[in-house]
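Open the model in your viewer and keep the selection panel at hand. The tour goes stop by stop.

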Amino acid sequence: TAPPKNLADSFGLAGITQFDTSSSATSRTTNIYHATYTPGANEIVLFFWGCNLACRWCYRQKNIYSLMLEEYINVPNEEPKNWASPPEKFLEFDQVMQLFEGREIKHVVMEGAEAALDPLYPEIASELHRRFGTQNILLTNALQLPDDLSHTDSVEIAFKAIDDNLHISYTGKSNKLILENF
C-alpha cells in the first residue's frame with residue numbers, strides 16, 4: 001500500500017513537509033514510520049513498526065497507514081488481496097519531537113504493530129512528558145513491555161484470546177507471559 005500522496009496535509013501537520021529519514025538508520029532511529037494528528041482532540045497517534053505476534057487477522061500487515069485518513073474514509077472495508085509492503089523509512093528521535101513543536105497536544109497514543117518493541121520507547125515517552133506535558137498511552141499486546149513505563153500514563157492491552165490454545169492458534173504464541181504482564 002502506498003503512503004498518502006501528501007503526508008503533511010493528510011496528517012494535518014502544517015509546516016512539516018517530510019516525515020521520513022534517509023534510508024540509513026542511526027542509533028537515534030525510532031520504529032515510528034507514520035503519525036496522525038487530530039486537532040479537535042489535541043491528539044497525535046504514533047505508529048510503530050514491528051511485532052512479536054503473528055496474528056492471523058492483523059490489519060497492520062494489510063494496510064500500514066491509518067484507516068482514519070481521508071483517503072480511506074469511503075473505501076469499502078474489504079479484505080486486501082495482497083500484504084502491504086513494510087515501511088521504507090523511519091523517523092529519527094528528533095523528528096518525532098518536531099511533530100509536537102508549536103502544537104497543543106494533550107494525548108499521544110503509541111500503537112503498532114507493537115510500540116513496546118522500540119528500544120527508544122522509554123526515552124520517547126519521557127521526552128514527551130518533559131517537553132510537552134502529554135498524556136502518553138501505550139496500546140500493546142503486552143507480550144513484552146518496555147523496561148521503563150514511568151512516563152506512560154495508561155497501558156491498554158489488547159487480549160487476543162483468554163484460552164491459551166486459542167491464543168496460540170490465533171497469534172502463534174502463548175498468552176502466559178501476557179497474562180503475567182497484566
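**Stop 1: Lys176.** Select Lys176, which sits in helix α5, a helix that spans residues 176-181. Remember as you look that this is a predicted model. Is Lys176 buried or exposed? Lys176 is exposed, because its relative accessibility is 53% and the cut-off for exposed is over 50%. Now add Leu143 to the selection. Leu143 and Lys176 are 33 residues apart along the chain, yet 8.7 Å separates their C-alpha atoms.

**Stop 2: Thr171.** Move to helix α4, residues 164-171, and pick Thr171. Here the relative accessible area is 1%, so Thr171 counts as buried, the cut-off being under 20%. What does Thr171 touch, apart from its neighbours within four places in sequence? Show Leu53, Ala54, Cys55, Trp57 and Lys160: Thr171 is in contact with each of these.

**Stop 3: the cavity.** Leu53 and Lys160, both contacts of Thr171, also belong to the lining of the largest cavity. Complete that lining by selecting Asn141, Ala158, Phe159, Ala161, His167, Asn175 and Ile178. The volume enclosed is about 30 Å³. A search of the whole structure gives 1 cavity of 30 Å³ or more. Colour the lining by class: 5 residues are nonpolar, 3 are polar and 1 is charged.

**Stop 4: the second largest pocket.** Keep Ala158 and Lys160 selected. Both line the cavity, and both are among the residues closest to the centre of the second largest pocket. Which other residues are closest to that centre? Add Tyr59, Gly112 and Ala113. The pocket has 17 lining residues and a volume of about 340 Å³. By class, its lining holds 9 nonpolar, 4 polar and 4 charged residues.

**Stop 5: the whole chain.** Clear the selection and switch to cartoon. Trace the elements from the N terminus: the order is α-β-β-α-β-α-β-β-α-α. That makes 5 helices and 5 strands.

Next, colour by burial. Of the 182 residues, 41% are buried. Then turn on a surface. The accessible surface comes to about 10100 Å², and carbon and sulfur atoms account for 50% of that area.

Finish with a contact map. Take the contacts between residues at least 6 apart in sequence: 65% of them join residues at least 24 apart. The contact of Thr171 with Leu53 is a good one to look up there.

Technical notes. Residues are numbered from 1 along each chain as its sequence is written. This is a predicted model: local features need pLDDT of at least 70, side-chain atom pairs count only at pLDDT 80 or more; totals for chains, interfaces and linings use all residues. Side-chain values use heavy atoms; hydrogens and water are left out. On a 1 Å grid over the protein atoms alone, a cavity is a set of points where a 1.4 Å probe fits but cannot get out, and a pocket is an open set with protein on both sides within 12 Å along at least five of seven lines; lining residues have an atom within 4 Å of a point. Grid points are joined across faces, edges and corners, and a volume is the space filled by probe spheres set on the points. Ala, Val, Leu, Ile, Met, Phe, Trp, Tyr, Cys and Pro count as nonpolar, Asp, Glu, Lys and Arg as charged, and the others, Gly among them, as polar. Helices (H or I, at least four residues) and strands (E, at least two) are DSSP runs, numbered from the N terminus. Buried means under 20% relative accessible area, exposed over 50%, partly exposed in between (1.4 Å probe, protein chains only). Contact means heavy atoms within 4.5 Å. Accessible areas come from the Shrake-Rupley method with a 1.4 Å probe; for residues, only the protein chains shown count as cover.
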